Amino acid sequence: MNKLLIFPLFLGGILFSQQKTDSLEFRKIADVVMNDGTAYEDLRHLTKNIGHRVSGSEAYEKAADWAVETLKKAGADKVWKQPVNVPVWMHGKESLAVKGTDGKWKKIRMLSLGNSEGTGGKDLSGALIVVRNFDEFNKLADTDLKDKIVLFNYPFRQEIISTMEGYGDAVKYRVMAASAVARRGGKAAIIRSVSTAFDDVPHTGVMHYQEGVRKIPVGAVGPRTADELQEMAARGVLVARLNSNCGMRGEKPSFNVIGELTGKDSKKVIVVGGHLDSWDVGEGAHDDGTGIVQSIEVLRALKKTAYRNHHTIRVVCFANEENGARGGNAYADSLQLKKEPHIFALESDAGGFSPRGFGLIGTAEQKKQIRSWAPLFLPYGVYDFSIEEGGVDIDPMKKSGIALSGLIPDSQRYFDIHHSDADTFEKVNRRELLLGATVMTQMIYMIDRYWK
Ligand SMILES: [Zn+2]
């Protein structure tokens, strides 16, 4: 036989046996996680016994202590807290009422947006103007807007199939409404919640004040509520009365919580994580309790399958994703400072639903490598490797040139509940949660074995 032919046959044989080893290891991981994983019970504890945990709250401190204990129990070689200063912002008592042409005040369910200033506990009243979008808003004269309260009733675009994209489209109203209204002389802003649901549940989320623009209060109402207010406004002048106690209360020392399985023969680090903080509504179950318990499950599963990891595998429970991303920034800074080489970071922060794929921010070569693993993942329902995505907490590591990946779960129901009272433990399905942890463990295993 021609020597030149033997070589590719030999190589093909190696690849085939490697793939067989990997698919057996994938099966082993799935057996361990799906049968004996404790992510669901961990999540029950985090959501029911601790609850929501906004940055700087006592609940966050409790969650950090819980994460330390849970990582130890999962079998981490080392667990520690990394100090990070976080902004302290929270909701207080708040209310919104609207008076229509019938002259009666109607109570409206409302939630202030994150980082917004409130009314200082005083009533703020004014005529309520309803617009669909910035185009309609921009056509109004300054005199029409002076001292008004403006509601942007911009709907989440239902025809966009990836709700992550739909969110990206609608979220500009949440982020920019307050300063847009303040610049034109208005006194408060309200938005239609960035939500895929058709109900009266308001969703919070971070907003941003532009430099040099007056900080006016801003809140959100449910999608159906916004439509009702639009119909009422078409019938005649509306008056709104807003009262809220939210606002920034300085800063406070807090922590990222980190646990690792130390590498057997490499000093390089692979990160897997999610964020431990949440907004101060609901239970922070899908956002992002699921990402936290899945990441801890990765460590537990590698330990249980007796896999000997070459690189250090580190679970990072990030602080303050929701209103500052201080945890992610502190971690990215520290690895540069300590000159710790990192090769890959994976985040789960898109809900604990059935996994469908992995996003990747990396080189063309790295994308090719990950896509070559697709046949191994297909039996576990994971097929989409096309999206360019990491995660808010790991994105700051980009400056160190590390490949970043985000778990992509089914996104259809996430924005029904995201950042609202509806984000509770009951909305999480045990099998879907554990399947996400399974494929995350499989991905970390592949990275540890083959990543260049
Ligand atoms: Zn999140």
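This passage describes the fold, the domains, the nonpolar core and selected local features of a predicted model.

The chain contains 13 helices and 15 strands. Its radius of gyration is 24 Å, close to the 22 Å that the globule rule gives for 452 residues, so the chain is as compact as a globular protein of that length. Along its principal axes, the C-alpha trace spans about 90 × 45 × 40 Å. Buried positions make up 51% of the 452 residues, and of the contacts in the chain with a separation of 6 or more, 83% are accounted for by residues 24 or more positions apart.

Two domains divide the chain, namely domain 1 (28-88 + 250-450) and domain 2 (92-245). Their C-alpha centres lie 33 Å apart, and 15 residues of domain 1 are in contact with 18 residues of domain 2. The largest nonpolar core comprises 123 residues, of which Ala189, Leu299 and Ile444 touch the most other members. Helix α13 (residues 430-450) gives the most to this core, contributing 10 residues, and at least three residues of the core are drawn from each of domain 1 and domain 2. When residues up to four places away in sequence are not counted, Ala189 touches Val150, Ala177, Ala178, Val181, Ile216 and Val218. Ala189 falls within the range of β7 (188-192), which is among the elements that cover the buried residues of helix α6, and three of the contacts of Ala189, with Ala177, Ala178 and Val181, are made to buried residues of that helix.

Helix α6 (residues 163-183) has 21 residues and reaches 31 Å from its first C-alpha to its last, close to the 30 Å expected at 1.5 Å a residue. A bend of about 55° is nevertheless found in α6 at Met176. The buried residues of α6 are Thr163, Gly166, Tyr167, Ala170, Tyr173, Arg174, Ala177, Ala178, Ser179, Ala180, Val181 and Ala182. An α-helix has 3.6 residues a turn, so residues three or four places apart point the same way. Such spacing can be followed in the buried positions Thr163, Gly166, Ala170, Tyr173 and Ala177, whereas the buried positions from Ala177 to Ala182 are consecutive. The cover over the buried residues of α6 includes α4 (134-139), β6 (149-152), β7 (188-192), β8 (218-221) and α12 (414-417). After the helix comes Gly185, whose phi is positive, near 95°.

The loop between β4 (110-112) and β5 (124-131) holds Gly121, and Asn115 is placed in the loop between these two strands as well. Gly121 has 11 C-beta neighbours inside 10 Å and therefore counts as exposed, 12 or fewer being the limit for that class. With residues up to four places away in sequence not counted, Gly121 touches Asn243 and Asn245. The C-alpha atoms of Gly121 and Gln369, which are 248 residues apart along the chain, are separated by 56 Å. Asn115, by contrast, is buried, because 23 other C-beta atoms lie within 10 Å, and its phi is near 80°, a positive value in a residue other than glycine.

A positive phi, of about 60°, is also found at Asn320, although this residue is not a glycine. Asn320 is located in the loop between β12 (312-318) and α9 (326-337), and it is buried, since 27 other C-beta atoms lie within 10 Å.

Two further features concern helices α2 and α8. Arg44, in helix α2 (residues 39-50), has 17 C-beta neighbours inside 10 Å and so counts as partly exposed. The C-alpha atoms of Arg44 and Ala285 are separated by 8.8 Å, although these residues are 241 residues apart along the chain. Helix α8 spans residues 285-304 and includes Asp288, and the peptide bond from Asp287 to Asp288 is cis, with omega near 0°.

Conventions: Residues numbered from 1 in each chain as written. Predicted model: local features only at pLDDT ≥ 70, side-chain atom pairs only at ≥ 80, totals over all residues. Helix = DSSP H or I, 4+ residues; strand = E, 2+ residues; numbered from the N terminus. Rg over C-alpha atoms; globule rule 2.2 N^0.38 Å. Buried ≥ 20, exposed ≤ 12 C-beta atoms within 10 Å, placed from the backbone. Contact = placed C-beta atoms within 7 Å. Core = buried A, V, L, I, M, F, W, Y, C linked by C-beta atoms within 7 Å. Domains from an automatic or database assignment. Expected span 1.5 Å × (residues − 1). Bend = angle between axes of the 7 residues up to and from the residue.
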